[in-house]
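Reader: I should like to learn how to read the main features of a protein model. May we go through one together?

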Amino acid sequence: MVYYALEFTAELDGLTNLQPRGGCDDPNFTYYFKLKCENCGEISQKPTWLSLSEEVPLPNGRGTANLVQKCKLCKRDGTIQMIPGQGKPLTDIQGQSDLYTRLMIFDCRGFEPVEFSFTDGWMAESKNGETTFEMDLSEGEFCDYDEKSECPVGVSNLKSVFKVVKKSGDGARAVYR
Ligand SMILES: [Zn+2]
């Protein structure tokens with residue numbers, strides 16, 4: 001197994017705390033990305049999707065995972081288990097400095113996650129915390145107007161990366177870095 005941390009950053013204008021609508025562990029937030037087979041190197045043509053609320057039985061019948069998929073080319077099974085509790089919203093200060101925040105950890109067997117797609121289901125707050133904006137980031141950006149602060153707000157320059165991390169500790173005290 002390999003642990004991959006999904007991390008992201010963006011430029012936030014007049015906004016802060018960019019995150020999934022129900023928080024970083026939103027059970028219904030859907031992650032879209034492609035899978036690279038560790039056995040033959042094939043990259044899936046279409047993005048696959050998974051969420052914390054979706055669990056499927058493992059091929060060996062022992063437990064469940066958030067994704068079980070077969071490589072189209074070599075037919076090997078791969079599984080992905082999501083590990084919540086590790087994400088933090090992106091602040092405007094991080095975004096300004098091009099610093100990434102962590103969204104989710106994926107425990108991957110047989111596949112490497114690649115090419116995360118930003119889609120619907122995001123939100124951010126105005127800097128004074130008075131207004132919440134729900135947004136779809138499929139187009140790679142978001143623009144609106146904050147009536148209370150009387151200023152335009154926006155999200156742009158979205159970037160994401162999957163980073164291999166190591167686990168230390170166990171249970172609720174596990175750390176991934
Ligand atoms: Zn394969």
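**Reading the overall fold**

Author: Let us begin with contacts across the chain. In the protein, 61% of the contacts with a separation of 6 or more are between residues 24 or more positions apart. Please keep in mind that this is a predicted model.

Reader: How many helices and strands does the secondary structure of the protein come to?

Author: The secondary structure consists of one helix and 16 strands. The radius of gyration is 17 Å, close to the 16 Å that the globule rule gives for 177 residues, so the protein is as compact as a globular protein of that length. Taken along the principal axes, the box filled by the C-alpha atoms is roughly 55 × 35 × 25 Å.

Reader: What percentage of the 177 residues is buried?

Author: A residue is called buried if 20 or more other C-beta atoms lie within 10 Å of its own. In this protein, buried residues account for 27% of the 177.

Reader: Which residues touch the most other members of the largest nonpolar core?

Author: That core has 34 residues, and those touching the most other members are L6, A10, L18, I80, M104, F106 and V155. The elements that each contribute two or more residues are β1 (2-13), β2, β3, β8 (77-83), β9 (101-109), β10, β11 and β14 (151-165). The greatest contribution comes from β1, with six residues.

Reader: Which residues does L6 touch, not counting those up to four places away in sequence?

Author: With those neighbours set aside, L6 touches L103, M104, F106, F116, S160 and F162.

Reader: How many bridges pair β1 with β14, and in which sense, parallel or antiparallel?

Author: The two strands pair over 10 bridges in the antiparallel sense. As one example of such a bridge, F8 has S160 in β14 as its partner.

Reader: Which strand do five bridges join to β14?

Author: That strand is β13 (residues 142-146), which runs antiparallel to β14. Within this pairing, D144 stands opposite V153 of β14. The hairpin of β13 and β14 has four residues between the strands, and E150 takes a positive phi near 50 degrees there.

Reader: I should now like to read an open sheet. In what order do the strands β2, β11 and β12 stand?

Author: An open sheet is read from one edge to the other. Here the three strands follow the order β2-β11-β12, with antiparallel pairing. The edge strands, β2 (15-20) and β12 (132-135), each pair on one side only. From one strand to the next, the twist averages 25 degrees. Between β2 and β11 (residues 122-126) there are four bridges, and these strands run antiparallel. Q19 stands opposite M123 in β11.

Reader: In what order do β3, β4 and β10 stand in their open sheet?

Author: The order is β4-β3-β10, and the pairing is antiparallel. The edges are held by β4 (48-50) and β10 (111-117); each has a single partner strand, so one side of each is left without a neighbour in the sheet. The twist in this sheet averages 45 degrees from one strand to the next.

Reader: How many bridges pair β3 with β10, and which residue in β10 stands opposite C37?

Author: Five bridges pair β3 (residues 31-37) with β10 in the antiparallel sense. The residue opposite C37 is F111 in β10.

Methods:
Residues are numbered from 1 along each chain as its sequence is written. This is a predicted model: local features need pLDDT of at least 70, side-chain atom pairs count only at pLDDT 80 or more; totals for chains, interfaces and linings use all residues. Two strands pair if DSSP finds at least two bridges between them. Axes are lines fitted to C-alpha atoms, for helices over the stretch in contact, and angles run from 0 to 180 degrees between N-to-C directions. A nonpolar core is a set of buried Ala, Val, Leu, Ile, Met, Phe, Trp, Tyr and Cys residues joined through C-beta atoms within 7 Å. A residue is buried if 20 or more other C-beta atoms lie within 10 Å of its own, exposed if 12 or fewer, and partly exposed in between; C-beta atoms are placed from the backbone. Two residues are in contact if their C-beta atoms, placed from the backbone, lie within 7 Å. The radius of gyration is taken over C-alpha atoms; the globule rule is 2.2 Å times the number of residues to the power 0.38.
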